Amino acid sequence: MSPSPRLGIFWLVTLLLLSIVGSRESQLRIGKAINIFLRYGYLGISMRVIPYNDNVDSERWIFKEPTWNIYKNITDLTENREDNTPGIFHGDFHMEFCENRRQLFQAYFRDFTIERLDKPWEAFTGGWFPENAAKKLGINTSFIQGDYSYVLVRVVRFRETGKLNSQIPIDQPLEPDVRARMEQLEIGNLTSAIRFMESFGTHYVNSYTTGNSLFQVFVYSRKNYKMIKDRIKSKGLNGLSKLDLYNYFAPWFAEHLGQIRSASANATVERWARRKLQYEYYVVKYVTLLKLHGNSTLLRSLDTLLGNDAILQLDLKSLNVVFREQPEKERWFHEVLDNNMKLWEFNMPQNHPSR
């Protein structure tokens with residue numbers, strides 16, 4: 001199925017609109033609205049969530065997506081917290097077992113939710129082809145296709161968390177221009193609904209967490225994958241000896257050990273990992289993120305390096321919430337939004353067998 005001509009026009013009109021709207025901002029703030037259709041399938045281009053290149057980026061940013069204020073006094077409903085206590089690693093060490101590459105993509109974006117999407121990770125990975133997917137995940141291209149399974153090991157350092165601490169009241173005052181555009185929306189008029197999305201977005205930020213992470217992808221044959229999954233499931237990660245743990249994640253057991261990557265492509269952190277996380281077994285040397293497991297000294301050292309450079313969690317809620325006072329308009333906006341999201345999902349390259 002080829003992209004709808006109407007969607008092509010929608011894309012063009014939206015980009016033209018963005019070039020002339022001067023009131024938009026690019027900030028990750030609770031209650032701000034964004035239009036996911038601007039980069040659907042490629043949201044990672046404007047949100048720093050996964051490494052996209054190997055060059056040092058001198059510009060410090062974690063969120064470039066245009067955002068709009070929808071409600072007045074929304075900060076009264078929000079809660080923000082920063083975890084910067086020295087000497088303590090405010091983070092998480094975890095691993096996820098993935099039967100195939102789609103589960104691997106899903107695992108990486110597990111903490112990203114977009115209301116009305118059953119597969120929110122596709123909003124980030126829909127445009128990934130094998131070559132660039134492998135590069136982002138730090139593995140060789142030959143291992144992103146074929147009959148392989150994966151284990152994603154990740155160490156996450158949380159820095160800032162923001163969230164709505166209660167549901168937005170139905171009488172929460174709206175910005176005047178939002179109210180005016182709502183009044184112009186006509187039930188059954190597709191153009192009026194699209195214009196509202198172009199002007200103020202499709203979703204608003206309900207919660208987010210920023211910080212940074214290190215991750216490594218281990219590639220396995222089906223047989224070895226099942227063996228390690230069953231063993232860890234029965235004993236638990238802490239129930240394995242250090243020797244067993246290193247053995248299961250070693251070059252002689254895994255088909256391939258991916259590079260250790262930083263979510264923000266922070267070259268300093270990645271160099272630190274290559275130097276500090278090297279493991280030697282007789283004459284074999286390799287770099288493994290497992291060396292951080294249970295190592296408080298290395299984790300404290302890493303804590304000083306992992307800054308507030310990436311988005312680790314993001315929850316987007318549908319903007320139909322602004323129409324709650326007018327249920328018929330709310331249903332119409334919801335219908336248009338749902339239909340467009342389904343069309344964009346269907347037209348993502350990875351959803352076609354030939355890709």
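## The E99–K229 salt bridge

The side chains of E99 and K229 meet in a salt bridge, with 3.4 Å from N to O (the term covers a side-chain nitrogen of Lys or Arg within 4 Å of a carboxyl oxygen of Asp or Glu). E99 lies in the loop between β3 (91-98) and α2 (101-108), while K229 belongs to helix α7 (residues 222-235), so the pair ties together parts that are 130 residues apart in sequence. Helices here are DSSP runs of H or I with at least four residues, strands are runs of E with at least two, and both are numbered from the N terminus.

How open are the two partners? E99 counts as partly exposed because its relative accessibility is 29%, and K229 is partly exposed as well, with a relative accessible area of 31%. (Buried means under 20% relative accessible area, exposed means over 50%, and partly exposed is in between, using a 1.4 Å probe and protein chains only.)

## Where these values come from

You're looking at a predicted model, in which local features need pLDDT of at least 70, side-chain atom pairs count only at pLDDT 80 or more, and totals for chains, interfaces and linings use all residues. Residues are numbered from 1 along each chain as its sequence is written, and side-chain values use heavy atoms, with hydrogens and water left out.

## More salt bridges

The structure holds 13 salt bridges. One of them joins R261 and E270, at 3.1 Å from N to O. Both ends are tucked away: R261 is buried, with a relative accessible area of 4%, and E270 counts as buried at 9% relative accessibility. Elsewhere, E99, D147, R222 and K229 are joined into one network by salt bridges that share partners.

R81 and D83 make another side-chain pair, at 3.5 Å from N to O. Here the two ends differ in cover: R81 is partly exposed at 41% relative accessibility, whereas D83 is buried, with a relative accessible area of 16%.

## A positive patch by α9

R271, R274, R275 and K276 gather in a patch of positive charge on the surface. Patch members have over 30% relative accessible area and no salt bridge, with like charges joined within 9 Å. Lys and Arg count as positive and Asp and Glu as negative, leaving out His and the chain ends; the charge is placed at NZ of Lys, CZ of Arg, CG of Asp or CD of Glu. K276 sits in helix α9 (residues 267-276) and is partly exposed, at 38% relative accessibility.

## Two odd backbone angles

Which residues have a positive phi without being glycine? R116 has one of about 85 degrees, and A265 has one of about 60 degrees. R116 is in the loop between β4 (112-114) and α3 (122-125) and is partly exposed, at 43% relative accessibility. A265 is in the loop between β8 (261-262) and α9, and at 18% relative accessibility A265 counts as buried.

## The whole chain

The protein has 11 helices and 11 strands. Of its 355 residues, 53% count as buried. The accessible surface comes to about 16,700 Å², and 49% of that belongs to carbon and sulfur atoms (Shrake-Rupley method, 1.4 Å probe).

Contacts (heavy atoms within 4.5 Å) often link distant stretches of sequence: among those with a separation of 6 or more, 82% are between residues 24 or more positions apart. Take I170, in the loop between β5 (149-164) and α5 (176-184). Leaving aside neighbours within four places in sequence, I170 is in contact with R324 and E325. The C-alpha atoms of I170 and F323 are separated by 9.1 Å, although these residues are 153 apart along the chain.

Technical notes:
Patches are made of residues with over 30% relative accessible area and no salt bridge: like charges are joined within 9 Å, nonpolar side chains (Val, Leu, Ile, Met, Phe, Trp, Tyr) within 5 Å.
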